[in-house]
Structure formats: structure tokens, C-alpha cells
Amino acid sequence: MLLPSRILVVDDNADNVLLLETLLSNAGYTDVAATTNPFEALELFEQHRPDIVLLDLHMPGLNGFSLIGDLRNRIGGTGIPIIVLTGDSSREARERALKAGASDFLTKPFDRIEIVLRVRNLLELRQLHATLERRNRSLDAEVRRRTRQLEEARVETLERLAIAAEYRDDETGQHARRVGQLSAAIALRVDLPSPRVEVIGRAAPLHDLGKIGIPDHILLKPGPLTPDEWEIMKEHTTIGAGVLSASKSRILQVAETIAKTHHEKWDGTGYLGLVGEQTPLEGRIVSLADAFDAMTSDRPYRPARSHEDAFEEIRAEAGKQFDPELVEAFSGVQKEPLDELTAVRIN
């Protein structure tokens, strides 16, 4: 069953307009707007927003072919049909009208039953088109909703994985969260693009994932580690990188790089001996963030240091442990409250 439809009639002949209004009204189409002035057609179209247009082809002062083109530009991809009603039965006129965008072409004098049937058939197609558009929009919205849910689940999984990695020596899991936020804050201050900042912020909390493979008697030892124990502790970088390797996820790819290189030092005295920019920027950023948070957090073997002392230590290690440019960027936020610094939202 057809839904109520709006119809626009444009014909410079008032008798034709009256005839069409009568035929359409008798067929149940009562919402009809009409004009004998082709120059008013576009304005009336915008006001009435019809479901179908009945248009005379040859009208004084305005080329009907141009009007078809103008209407098509207004209609766009909404699928509103245009029926041309004209006394010009030439093949050239028919081809030109159809090429301009007409949906159908009828010559005057037209059959009264045929015109109503043509209108009905095109309105059915119009309504089917509109229904399909609504369903497509609904499907698009559902896809976006499901995609958002999957992304939220993925992010939550990464967050919980990071917390699990820290749980053995940080039951709150806050170290991982703070390193992620602080890494994102540093990345922002060196003008990295937002997508890269977000990836770093999401990946950084997984920097110590490899600790799951370190024995408790070493990981939780309250005193200094022996050389042999230290070699075992250093393995958490390769363990973490191994767990995160071969992923198709960009975040996990960056997390693998960070896990492997966040204990490198600018002067080459880190775990792998990488010097300067041989260490990827993500690793250098997390190295600084991890060190700062570690210094300002309680550990089994020492109490937390003040933020001021930690800042001084970071500056003292510029060019040795840390990338000097990152230290400069990090020093620029000293005067900001640390809560603000580490509260960068990673969306």
C-alpha cells in the first residue's frame, strides 16, 4: 500500500494543471502543489519537497531541459522521479529529456488512466528506494555501533592486560596507567599527530608485560639484584616483545617495540646497546615516562622520591639515559600540576 505522497506539477498551461490536479485527486493523491510559472518551480520544490515531479518540457522563458537539470541537482541521490509531459513527441526531445534526468516521458494529449498508473508505479519505486535508504542508514548505524563496541572491548582488554602485567609488583595497576598517560602527554608536547599520540598512550601500559615471565624471588626482591638475577630481570623486555609479536593490531605492534626498547639509553648503555635515535621514538618516550613514574612510586627496595627530585634526575640524565629533546619537552611541563600532566585523555 502506498504511503501518502506529495506531488509537484509544473506546466505553463493552467488547463493542463487543473486536469492533472483533478486526475490525481480522484486517484487519492490530495497533496499536490502546482504552478504555471516555471521560474517558481525550484522555490516550490524546496517548500513542498515532493515525492514525484510532473513537468512540462517547453515553457515560455525557461528551457524545460535546464529545469530538469536544476531539479536533479537539488534532488541529488534521493531518487525522486521526474515525469516529463510534453506535446513534443520527437525522438530528439525524448532522448534529451531522459539524458537530462527525466524518469519517464509522456506525450500530450496523454491517456488519463496511463498517467495515473505511471505516477503510481514511479511512486512505488520511490518508496522502495526510500525504504532501502532507511535500511542502509540503519545498517550503517548498527555497523558503527558494533564497531564502537568492539573497539571499546579491545581497549578494555589491552587495559586489563596491562594491569595483569603489573599486578605482581603493583597490585593497583596504576603504574601502567600512569605511564600510558604520561607517555601520551610527552608525545603531545613533541607535536606528534593525534593518531600517533593515541597509539602510544594505548601501547605504553604494556611496556612491562614481560614481567609475567620473571620469577617472584627476583621481581619482588627487596634488595639489590645479583648480576645473574639482573640478567634474568632484563629478559622481561624480550619476553614482552615475544608475547606481543606478529600482531596485526597497530597498537600491539607499537607495544612490541616499546616492550623491547624502553630500557635503552641515549648513550648506548641500555639492554640492547642501541645509541641515540637507533631506539624508536616510542621506546625513548616510554623510557622517560617509566623512569619518572618509577622514581615517584614506592618500590620494595626504596620509598618514592618527590616529583621535584625526579625532575632533577631526569634533567641530569639528558644526553645520557634520555633523549635530550624529550627531556626538554618534559621539562617544559614541570610547572604544571602533575595530575594535569598525567590526565591526558586517550580516546
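1. Which unit do S1, helix H1 (residues 14-26) and S2 make, and of which hand? In this predicted model, the three elements form a β-α-β unit, and the unit is right-handed. The remaining points take the strands, the cores, and then individual helices and residues.

2. Strand S1 (residues 6-10) pairs with strand S2 (residues 31-35) over 5 bridges, in the parallel sense. Within this pairing, Val10 has Thr35 of S2 as its bridge partner. S1 also runs parallel to strand S3 (residues 52-56), to which 4 bridges join it. On that side, the residue of S3 opposite Ile7 is Ile52. S1 therefore has bridges to both S2 and S3.

3. Is S1 enclosed or open to its surroundings? Of its 5 residues, 4 are buried, so the strand is largely enclosed by the rest of the structure. Buried here requires a relative accessible area under 20%.

4. The largest nonpolar core holds 39 residues, and the members that touch the most others are Ile186, Ile285, Leu288, Ile314 and Phe330. Two or more residues each come from helix H5 (112-166), helix H6 (174-189), helix H7 (194-203), helix H10 (250-261), helix H11 (281-295), helix H12 (307-316) and helix H13 (324-331). H11 gives the largest share, with 8 residues.

5. Ile186 deserves a separate entry. Setting aside neighbours within four places in sequence, Ile186 is in contact with Ile285, Leu288, Ala289, Leu326 and Phe330. A second core, separate from the one above, has 23 residues, among them Met59, Leu71, Ile82 and Phe105.

6. Val327 is a residue of helix H13. Its relative accessibility is 4%, and it therefore counts as buried. Which residues does Val327 contact, leaving aside neighbours within four places in sequence? They are Leu288, Ile314, Arg315, Ala318 and Phe322. Leu288 is thus found among the contacts of Val327 and also among those of Ile186. By contrast, Glu159 lies 168 residues from Val327 along the chain, and 27 Å separates their C-alpha atoms.

7. Does the end-to-end distance of helix H9 (residues 227-244) agree or disagree with its residue count? With 18 residues at 1.5 Å a residue, H9 should span 26 Å; the C-alpha atoms at its ends are 27 Å apart, which agrees. The expected span is 1.5 Å times one less than the number of residues. H9 nevertheless has a kink of about 25°, and the centre of the kink is Thr237.

8. Thr237 is also one of the buried residues of H9, which are Glu229, Met233, His236, Thr237, Gly240, Ala241 and Leu244. The packing partners of these buried residues are helix H8 (216-219) and H10. H10 is also listed among the helices that give two or more residues to the largest core. After H9 comes Ala246, with a positive phi near 65°.

9. Pro205 sits in the loop between H7 and H8. At 13% relative accessibility, this loop residue counts as buried. Not counting residues up to four places away in sequence, Pro205 touches Ala162, Ala176 and Gly180. Gly180 is 25 residues from Pro205 along the chain, and their C-alpha atoms are separated by 4.9 Å.

How values were computed:
Residues numbered from 1 in each chain as written. Predicted model: local features only at pLDDT ≥ 70, side-chain atom pairs only at ≥ 80, totals over all residues. Heavy atoms only, no water. Core = buried A, V, L, I, M, F, W, Y, C linked by side-chain atoms within 4.5 Å. Buried < 20%, exposed > 50% of the residue type's maximum accessible area, 1.4 Å probe, protein only. Contact = heavy atoms within 4.5 Å. Bend = angle between axes of the 7 residues up to and from the residue. Pairing = 2+ DSSP bridges. Right-handed = clockwise from strand over helix to strand, strands pointing away.
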